[in-house]
Every structure is written in C-alpha cells, then in structure tokens.
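Colleague: Could you take me through the nonpolar core of this model, and then through what surrounds it? I would be glad of a connected account.

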Amino acid sequence: MSAISDDCMYKECDGTGLIFVKDHEEKREFMRECKCKAVKQIERKLKSAQIPEEFKKANINSFKIDIYQTPQAKKVAETAKIVTVNFVKNFKEMMNQGKGLYFYSKIKGSGKTRLAASVLNAVVKTSDKLDKPLRFYYTSTSDLLEEIKKTFNSDSKVKSEQILEAVKTADLLVLDDIGVEKVTDWVEETFTRVLDYRLQNKKVTIFTSNLTIEQLDMKYQQGRVSSRIEKMSFPVAMPEESIRKKLARSENEDLQELLYKR
C-alpha cells in the first residue's frame, strides 16, 4: 500500500491522485482515483488561465446583491447575477453560438471583474462535463499589450505571435477593462486580429469595460472593434455604484478580531 502524503488534501493517497485497493473477497488488486485528483486538475486549469490571485476563489453564489446601497443598483446586480448563472448552466450552447458576455458600467469597482472571474471559475470547475478539454485565459487589455510589447526586445525568449495565439485560441477568454488603454493604430489592429479569429471560430469571450459597446467607437474609431464585440457577446449592465471600498472594509472588519487579539 502506498504511503499517505500531505500532497493529498484528503489524506487518502500518496499525492498521485490514485489509491491502491486490495479486495480480499474478490482476490484482486486495482487502483482507483482519489478525490484530490479532480481538485488538482481544477487548480492546474486555474493556474494556466492566469486568473489574478484576488479572484481565484470568486464565485457567483458569493456575489452579494445586498452590498449595493440603492434599490436600482441592487436590481441591476440581481439581473446580472441571474444572467451569469444561466450563462454557466448553458455554456455548451454558448460555445455552439460563440457567444460571451460584455459586463459594463462607467463606475470603477462596480463588480464587473469579480463577476467575470466568477463565471470563468465556474466554467473551469464544470468543464469536465463537456465533450472536449478546454483552454482558458484571463488578461486585462493593458497587461496583454504590455506583454506583447516586451517581446519586441531583442533578448525576449517569447514571440508576440505566441502570446496572440494563446489569446486567440483560448476556448474561454476573459478580456478585462477593454477601452482603458491608449489606442493607437497598432493597438486597434492587434485587437481586431484577435477578435476576428475568435468571432470566425466561435470562441467564447467575456469582456469588462467602463464603456458601453457603442461607446467603444470613441476609442476605436475605425468601428471594427465594437462591431465584432456586439456580434460576439451579450451586454450585461452592472450597477453604477462602486463596491470595492465596501468589500475592503468588510474584509478588514473580519480581520479585527484576529489582529486585535491580546
């Protein structure tokens, strides 16, 4: 029998995800999967998706409606939550149509990124029920452009096409904060290439932005970005109210007992 290892969070296997079983009644020996194997597979997918540490545990169920103050904001948040729940439930159909979501509100810290990451986490955790293995990718537009620019250095070991290929071909991509970057002809052309590929190949994309899809034309003046995003995604309004500071205060209140303990 294999030794139990701390690498197994359930303390049932040696960390390989397999448990040696000896059936004395049937006089046979075999291996069965440990529960930790599925958990580790999800962790690997989340790591490869490059989800920020802050949002790795974000989930739709814990998206709080009552943290918003006004009745209007709560109503908008509730609708957004309903849309995301149904999106995850019907993800296979969303893949067939190549349809994603476009979370928008002009207020920073309104919960757009948190909810987008929650959708990604939910799909990662249920993706084993789909017909094929999926690849996931999370990036902000600013970080993506910065990573591409780094490849222009002569000593870079990564080529820009490698980054673009990963973004273009991911089965589910979260593109955070589109519209905040300084737009040049190169930036618009880069995003158009990415969106073109994803549109033509029905790849699911989740966007977040401080702008409506129509307002993207103010940034991307050739109109090619907004027209593609409109085709690729379903718009989801988020409350025009910031909850970032409220969440920070709530988290600090939870820590008071620990930090003030004598």
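Modeller: Happy to. Of the 36 residues in the largest nonpolar core, those touching the most other members are Phe 91, Phe 103 and Ile 206. A nonpolar core here is a set of buried Ala, Val, Leu, Ile, Met, Phe, Trp, Tyr and Cys residues joined through side-chain atoms within 4.5 Å. Buried means under 20% relative accessible area, exposed means over 50%, and partly exposed is in between (1.4 Å probe, protein chains only). Two or more residues of this core come from each of α2 (71-89), α3 (91-97), β3 (100-104), α4 (112-126), β4, β5 (172-176) and β6 (204-209). Helix α4 gives the largest share, eight residues. The helices (H or I, at least four residues) and strands (E, at least two) are DSSP runs, numbered from the N terminus.

Before going further, a word on the source: this is a predicted model, in which local features need pLDDT of at least 70 and side-chain atom pairs count only at pLDDT 80 or more, while totals for chains, interfaces and linings use all residues. Residues are numbered from 1 along each chain as its sequence is written, and side-chain values use heavy atoms, with hydrogens and water left out.

Phe 103 is a good place to look into the core. Leaving aside residues up to four places away in sequence, Phe 103 touches Thr 84, Lys 112, Leu 115, Ala 116, Val 119, Ile 206, Phe 207, Thr 208, Ser 209, Val 236 and Met 238. Contact means heavy atoms within 4.5 Å. There is also a second, separate core of 24 residues, and among its members are Leu 145, Ala 170, Leu 195 and Tyr 220. In soluble globular proteins, nonpolar side chains tend to be buried together.

The chain as a whole gives the setting. It has 10 helices and seven strands, and buried residues make up 42% of its 262 residues. Among contacts between residues at least 6 apart in sequence, 74% join residues at least 24 apart. The exposed area is about 15800 Å², with carbon and sulfur atoms supplying 49% of it; accessible areas come from the Shrake-Rupley method with a 1.4 Å probe, and for residues only the protein chains shown count as cover.

Back to β4, one of the elements of the first core. Ser 140 belongs to this strand (residues 136-140) and is buried, at 12% relative accessible area. Its side chain reaches the backbone nitrogen of Asp 143 at 3.0 Å.

Now for the charged pairs. Six salt bridges turn up in a search of the whole structure, each being a side-chain nitrogen of Lys or Arg within 4 Å of a carboxyl oxygen of Asp or Glu. One of them pairs Asp 171 with Lys 203 (3.2 Å, N to O). This pair links distant parts of the chain, 32 residues apart: Asp 171 sits in the loop between α6 (160-169) and β5, and Lys 203 in the loop between α7 (185-200) and β6. Both Asp 171 and Lys 203 are buried.

Another salt bridge joins the side chains of Glu 189 and Arg 224 (3.1 Å, N to O). Glu 189 lies in helix α7 and Arg 224 in helix α9 (residues 224-232), so the pair ties together parts that are 35 residues apart in sequence. Glu 189 is partly exposed at 35% relative accessible area, and Arg 224 is partly exposed at 26%.

Within a single helix, Glu 147 forms a salt bridge with Lys 150, where the closest N and O atoms are 3.3 Å apart. Both are in helix α5 (residues 141-150), three residues apart, or about one turn of the helix. Glu 147 counts as partly exposed at 38% relative accessibility, as does Lys 150 at 42%.

Two loop residues deserve a look at their backbones. Most residues other than glycine have a negative phi. Asp 177, in the loop between β5 and α7, has a positive phi near 60°, and Lys 202, in the loop between α7 and β6, has a positive phi near 55°. Asp 177 is partly exposed, with a relative accessible area of 27%, and Lys 202 is partly exposed at 46%.

How values were computed
A polar contact is a pair of N or O atoms within 3.5 Å; within protein, one must be able to donate a hydrogen and the other to accept it, and residues adjacent in sequence count only if both atoms are side-chain atoms.
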